[in-house]
Amino acid sequence: GSVAPEIAAFPIEPLLQRLHGQFLYQAQNKGIDLRLAPSSLVVRSDPALLEQMLRNLLANALKYTPKGKVLLGCRRHGDTLAIEVWDTGVGIAAESLELIFEEYRQLDTESSPSSGGVAQGGMGLGLSIVRRLGEMLGHAVTVRSWPGRGSVFTVAVGLETEAAEAAAEAAARAANGHAAGGHATGGCTT
């Protein structure tokens with residue numbers, strides 16, 4: 001069967017906190033420093049499908065990071081929130097960046113000295129699912145990588161514009177109300 005997205009506006013922070021909590025034990029067992037950068041923004045997406053996308057990205061980050069850090073965080077770009085998973089893992093060669101999104105495709109990282117000789121396992125479906133869900137939801141999925149140094153996977157999610165507009169209007173009203181109170185005259189009396 002096919003999945004029909006249920007788009008809603010929701011704050012991203014509880015989802016990020018939940019994912020951080022789900023992966024913290026696994027990260028600590030590997031000696032990986034899993035960090036979360038909080039965000040107070042409201043996004044428009046299918047919460048369950050977005051969570052699945054981010055879960056797959058975090059699982060991969062931990063799988064391919066023999067030591068170091070994994071960071072789950074966000075950056076605002078206009079009306080879009082870039083949700084990013086950074087890792088200090090094995091990295092991906094430039095010529096392989098698109099291949100990793102193919103079904104059943106896993107790169108041979110075992111021959112790489114930076115893999116630590118760790119067998120990776122799995123079926124190679126995680127990133128193809130991320131890409132497919134991203135296409136379904138209209139969320140661009142991108143990757144940048146530096147072999148031997150790590151990667152960053154980004155999911156670009158639309159911000160809830162009504163919430164953003166309401167916040168901007170409230171801020172404008174507060175500023176205007178403040179100015180109307182006579183405090184913004186710039187002069188002082190002695």
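The exercises below work through a predicted model, each with a solution in steps.

**Exercise 1. Confidence**

Determine the mean pLDDT of the chain, and find which stretches have a pLDDT below 50.

*Solution.* Begin with the chain as a whole: its mean pLDDT is 82, and 75% of its residues reach 70 or more. Next, turn to the stretches of low confidence, among them residues 109–123, where the pLDDT is below 50 although the model gives this stretch 22 contacts beyond near neighbours in sequence. Residues 179–190 also have a pLDDT below 50, and here the model shows two contacts beyond near neighbours in sequence. Finally, bear in mind that predicted coordinates should not be read in detail where pLDDT is low.

**Exercise 2. The sheet and the helix on it**

Establish the strand order of the open sheet, then identify which strands stand at its edges and which strands helix 1 touches.

*Solution.* The first step is the order, which for this open sheet of five strands is 2-4-5-7-6, with mixed pairing. The second step is to read off the edges: strand 2 (32–36) and strand 6 each have a single partner strand, so one side of each is left without a neighbour in the sheet. As for the twist, neighbouring strands of this sheet are turned by 15 degrees against each other on average, with direction ignored. The third step concerns the helix: helix 1 (residues 13–30) packs on the sheet and touches strand 2, strand 4 (68–77) and strand 5, while its direction makes about 170 degrees with that of strand 2.

The pairing of strand 5 (residues 80–87) with strand 7 can then be examined in detail; the two run antiparallel and are joined by eight bridges. Within this pairing, V85 has F153 of strand 7 as its bridge partner.

**Exercise 3. Two residues in their surroundings**

Decide whether H20 and G150 are buried or exposed, and list what each of them touches.

*Solution.* Take H20 first, whose place is in helix 1. Its relative accessibility is 18%, and because the cut-off for burial is under 20%, H20 counts as buried. Leaving out residues up to four places away in sequence, H20 touches L34, R35 and L36.

G150 lies in strand 7 and counts as buried at 0% relative accessibility. Its contacts, apart from neighbours within four places in sequence, are with D87, T88, G89, G91 and S145. A further distance can be added for G150 and G68, which are 82 residues apart along the chain and whose C-alpha atoms are separated by 9.7 Å.

**Exercise 4. Salt bridges**

How many salt bridges does a search of the whole structure find, and where in the chain do the partners E160 and R44 lie?

*Solution.* The search finds five salt bridges. One of them joins the side chains of E160 and R44, at 3.0 Å from N to O. This pair links distant parts of the chain, since E160 is in the loop between strand 7 (150–158) and helix 4 (161–183), whereas R44 is in strand 3 (residues 42–45), 116 residues apart. Comparing their accessibilities, E160 is buried, with a relative accessible area of 7%, while R44 is partly exposed at 38%.

A second pair is R55 and E51, whose closest N and O atoms are 2.8 Å apart. Both residues lie in helix 2 (residues 47–63), four residues apart, or about one turn of the helix. In an α-helix there are 3.6 residues a turn, so residues three or four places apart point the same way. R55 counts as partly exposed at 25% relative accessibility, and E51 as buried at 11%. Both belong to a network of salt bridges that links R18, E51 and R55.

A further salt bridge is formed by E84 and R75, with the closest N and O atoms 2.9 Å apart. Here E84 counts as buried at 6% relative accessibility, and R75 as partly exposed at 42%.

**Exercise 5. Helix 3**

Compare the span of helix 3 with the expected value, name its buried residues, and describe what covers them.

*Solution.* Helix 3 (residues 126–137) has 12 residues and reaches 17 Å from its first C-alpha to its last, close to the 16 Å expected at 1.5 Å a residue. Its buried residues are L127, S128, V130, L133, G134 and L137, and what covers them includes strand 3, helix 2, strand 6 (141–146) and strand 7. To finish, look just past the helix, where G138 follows with a positive phi, near 75 degrees.

Technical notes. Residues numbered from 1 in each chain as written. Predicted model: local features only at pLDDT ≥ 70, side-chain atom pairs only at ≥ 80, totals over all residues. Heavy atoms only, no water. Salt bridge = Lys/Arg side-chain N within 4 Å of Asp/Glu carboxyl O. Buried < 20%, exposed > 50% of the residue type's maximum accessible area, 1.4 Å probe, protein only. Expected span 1.5 Å × (residues − 1). Contact = heavy atoms within 4.5 Å. Pairing = 2+ DSSP bridges. Axes fitted to C-alpha atoms, helices over the stretch in contact; angles between N-to-C directions. pLDDT = per-residue confidence, 0-100.
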